[in-house]
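Q: I have not looked at this one before. Can you walk me through it while I ask a few things?
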Amino acid sequence: MISSLKEMPREAGETGGMAGSGAGSQLLEVAMGPHHPSTHGVFRMDVQLEGERVVRLKPVFGYLHRNHEQIAEKTSYLGSMPYTDRLDYLCSMSNNWAYALTVEKLTGLQPPERAEYIRVIMAELTRVQNHAGLIGFLLQDMGASGTPLMYAFREREKILDLFEWVSGARMMCNYMRFGGVRVDLPEGWVEGALAFVERAPRFLDEYEGLLRNSEIVMARTQGVGLLPAELAVNAGVTGPMLRASGVNYDLRKVDRYGVYDRFSFRVPLGEKGDVYDRYMMRLLEMRESVSILAQALRDLPGGPILDPKSKLRGLRPKAGEVYGRIEAPKGELGFYLISDGSTNPYRYRVRPPSLINLTVLEDMCLDRSVADVVVILGSVDIVLGEVDR
Amino acid sequence: MTPEQIRSEIEAAIPGCSVEVAPNGAVPGQASLAVDRLHALEAAWFLRRHPGLLLDFCSNVAGVDWLDREISEKVKVRKLVDGVEQEAEETRKSKIPGRLEAVYHLFSIEKKQGPVILRVRTENRSDRVEIPSLTPVWRSAEFQEREIFDLYGIVFTGHPDLRRLLMWEGFTDHPMRKDYVPPPEDDGPQDPRGAVGKEAAAG
């Protein structure tokens with residue numbers, strides 16, 4: 001793990017892995033990653049340490065870079081729909097929705113009401129399993145080996161079963177289409193989802209009670225990784241991380257895309273912006289998601305699931321550009337498309353919340369110990385498929 | 001505020017700054033503001049501090065590569081043909097020089113408004129590709145401008161840490177450019193039998 005680092009510009013007098021800087025202090029350069037277990041993927045942090053204290057941290061990206069954007073520019077609009085599944089591979093339904101929403105803005109397609117409700121249901125199910133998984137990983141990184149993560153994955157399995165039932169795939173769902181969704185809900189699906197929603201509060205109580213009041217969790221998370229609201233806004237941090245710092249900005253309330261204006265739900269906010277707040281934020285958001293799910297399943301209307309004007313093949317939007325965004329579980333997921341009137345986009349850009357939320361990683365980690373870096377990174381919630389694209 | 005209003009306010013506040021309203025042909029069709037690169041940083045500060053806009057959140061920064069384009073227009077001209085004035089059609093060709101562009105999508109969290117779309121353009125695609133970095137105004141541009149520098153080759157002057165983000169160090173080209181040609185694979189002919197077969201063939 002210890003190495004000398006090419007990427008770090010050396011200050012005068014420094015020579016190698018161990019280098020003196022100033023009187024009496026020694027700086028140690030550590031490359032955490034790309035295979036460090038806490039990164040949950042291939043991600044590296046070049047850390048400079050003075051003893052245990054972090055004095056500098058530079059994230060290094062690109063290990064999973066596959067030029068997603070250029071591949072999408074060379075294929076048709078619909079052709080990139082299955083590829084958006086692979087961005088944040090835990091939340092393929094949200095990715096599908098963000099992309100479909102952007103193309104709908106570009107072409108003027110209007111999904112029918114039933115499709116809008118189905119999208120909300122899928123997105124909120126995705127949010128529940130993402131947040132449950134994230135908390136499991138975060139607690140695992142703190143040393144609570146196995147138990148919380150297995151609890152989370154037990155519930156996640158039920159959600160993935162629902163996804164598989166409707167789309168045929170557990171993770172790479174490829175379910176949304178421009179102007180609606182691909183297939184209607186199969187018979188019995190709504191009852192299955194309702195059964196999950198009914199049991200969900202019990203799981204959430206259990207999951208919250210598991211370690212929420214644990215003295216060790218509090219000691220490791222409270223006051224760690226502080227992120228002031230002003231910095232969070234300026235650095236473009238979005239999603240639960242932004243709200244943990246006390247900024248009330250949830251795109252489901254601000255943009256009111258889809259049919260989110262028809263549901264009553266609250267936006268939880270943090271006070272201090274530390275890791276504990278971010279942990280609590282996910283617990284509270286899951287409860288709100290379950291409440292939205294119950295409302296959406298109750299009010300689910302009948303009718304068609306695809307705009308009749310929607311064309312699957314040979315879609316040629318008029319020349320122009322559009323930016324569409326949704327509140328994905330990790331933050332603001334945006335797509336920026338420029339059409340030149342042909343069948344494939346001239347420019348296709350993904351605004352990855354995971355990458356931009358990492359802008360403040362160094363600010364949160366400075367002056368903390370290496371063990372805290374692991375916890376702080378865990379509270380950001382990144383998926384490398386989206387960070388590197 | 002409409003883009004035209006913002007444009008006139010910027011031009012009034014920053015002397016010498018020229019702003020062009022770039023039209024958008026899409027269905028909602030929000031026009032964007034193309035600010036000249038010499039005054040882009042000042043204009044960005046102005047937009048962030050403007051009390052009516054308060055654009056405190058720079059959400060998305062995207063690079064765009066525009067190649068040289070030829071546009072042919074049909075123009076009606078009056079011509080003297082055999083002493084009689086007649087209306088005739090003529091095709092005129094004009095060339096738009098290629099350039100690189102950074103597009104900023106700005107929102108206001110304070111006012112829950114947006115987006116205002118800001119474009120900053122380079123002079124050409126080859127040797128004059130510097131534009132000012134807006135990272136001092138919005139730190140969210142830090143990684144995104146690095147990514148554009150990496151994949152498009154726009155040099156952001158004033159960026160605190162302009163290095164490649166996704167491609168490796170030592171890579172020289174910019175793979176998101178429209179005329180990018182990937183280097184030929186230099187792995188050599190592959191032995192279909194794999195490493196074991198190679199060893200066996202070598203005895």
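Q: Let's start with one residue: is Arg389(A) buried or exposed?
A: This is a predicted model. In it, Arg389(A) has a relative accessibility of 2%, so it counts as buried. The cut-off for buried is under 20%.

Q: Where in chain A is Arg389(A)?
A: Arg389(A) is in the segment that follows α15 (384-388) of chain A.

Q: What about the phi of Arg389(A)?
A: The phi of Arg389(A) is near 50°, which is a positive value in a residue other than glycine. Most residues other than glycine have a negative phi.

Q: OK, chain B now. What is the phi of Leu54(B)?
A: Leu54(B) has a phi near 45°, and that is a positive value in a residue other than glycine. Leu54(B) is found in the loop between α2 (40-49) and β3 of chain B.

Q: And how accessible is Leu54(B)?
A: Its relative accessibility is 28%, so Leu54(B) counts as partly exposed.

Q: You mentioned β3 of chain B. How many of its residues are buried?
A: Strand β3 of chain B covers residues 57-66, and 10 of its 10 residues are buried.

Q: Which way does β3(B) pair with β6(B), parallel or antiparallel?
A: Antiparallel, over 9 bridges. For one position, Val64(B) has Glu101(B) as its bridge partner in β6(B).

Q: Switching to chain A. Why is β3 of chain A called largely enclosed?
A: Strand β3 of chain A runs over residues 44-50, and 6 of these 7 residues are buried, so the strand is largely enclosed by the rest of the structure.

Q: What does β3(A) pair with?
A: β3(A) pairs with strand β2 (residues 26-32) of chain A in the antiparallel sense over 6 bridges. Leu28(A) has Leu49(A) as its bridge partner in β3(A). β3(A) also pairs with strand β4 (residues 53-60) of chain A, in the antiparallel sense over 7 bridges. There, Asp46(A) stands opposite Lys58(A) in β4(A).

Q: How many residues are between β3(A) and β4(A)?
A: There are 2 residues between them, and the two strands form a hairpin. Gly51(A) is in the turn and has a positive phi of about 70°.

Q: Now the two chains together. How many residues does each put into the contact?
A: Chain A puts in 47 residues, and chain B puts in 47 residues. Between them the chains bury about 3900 Å², with 55% of it on carbon and sulfur atoms.

Q: Which three residues of chain A supply more of the area it buries against chain B than any other three?
A: They are Asn234(A), Glu321(A) and Tyr346(A), and they supply 17% of the area that chain A buries against chain B.

Q: Any pockets? What is the volume of the largest pocket?
A: The largest pocket has a volume of about 390 Å³. It is lined by 18 residues, and Glu321(A), Pro23(B), Trp66(B), Arg69(B) and Arg119(B) lie nearest its centre.

Q: Which strands supply at least two residues each to that lining?
A: In chain A, they are β7 (320-328) and β8 (331-339). In chain B, they are β1 (19-22), β6 (99-108) and β7 (113-121).

Q: How does the lining of the largest pocket divide by class?
A: The lining has 8 charged, 5 polar and 5 nonpolar residues.

Q: Last one: is Thr172(B) buried or exposed?
A: Thr172(B) has 70% relative accessibility, so it counts as exposed. Thr172(B) lies in the loop between β9 (155-157) and α4 (194-202) of chain B. From Thr172(B) to Glu130(B) is 42 residues in sequence and 17 Å in space, C-alpha to C-alpha.

Definitions and conventions: Residues are numbered from 1 along each chain as its sequence is written. Chains are lettered from A and ligands numbered from 1 in the order in which they are written. This is a predicted model: local features need pLDDT of at least 70, side-chain atom pairs count only at pLDDT 80 or more; totals for chains, interfaces and linings use all residues. Side-chain values use heavy atoms; hydrogens and water are left out. On a 1 Å grid over the protein atoms alone, a cavity is a set of points where a 1.4 Å probe fits but cannot get out, and a pocket is an open set with protein on both sides within 12 Å along at least five of seven lines; lining residues have an atom within 4 Å of a point. Grid points are joined across faces, edges and corners, and a volume is the space filled by probe spheres set on the points. Helices (H or I, at least four residues) and strands (E, at least two) are DSSP runs, numbered from the N terminus. Ala, Val, Leu, Ile, Met, Phe, Trp, Tyr, Cys and Pro count as nonpolar, Asp, Glu, Lys and Arg as charged, and the others, Gly among them, as polar. Buried means under 20% relative accessible area, exposed over 50%, partly exposed in between (1.4 Å probe, protein chains only). Two strands pair if DSSP finds at least two bridges between them. Contact means heavy atoms within 4.5 Å. Buried area is the accessible area (1.4 Å probe) that two parts lose on being put together, summed over both.
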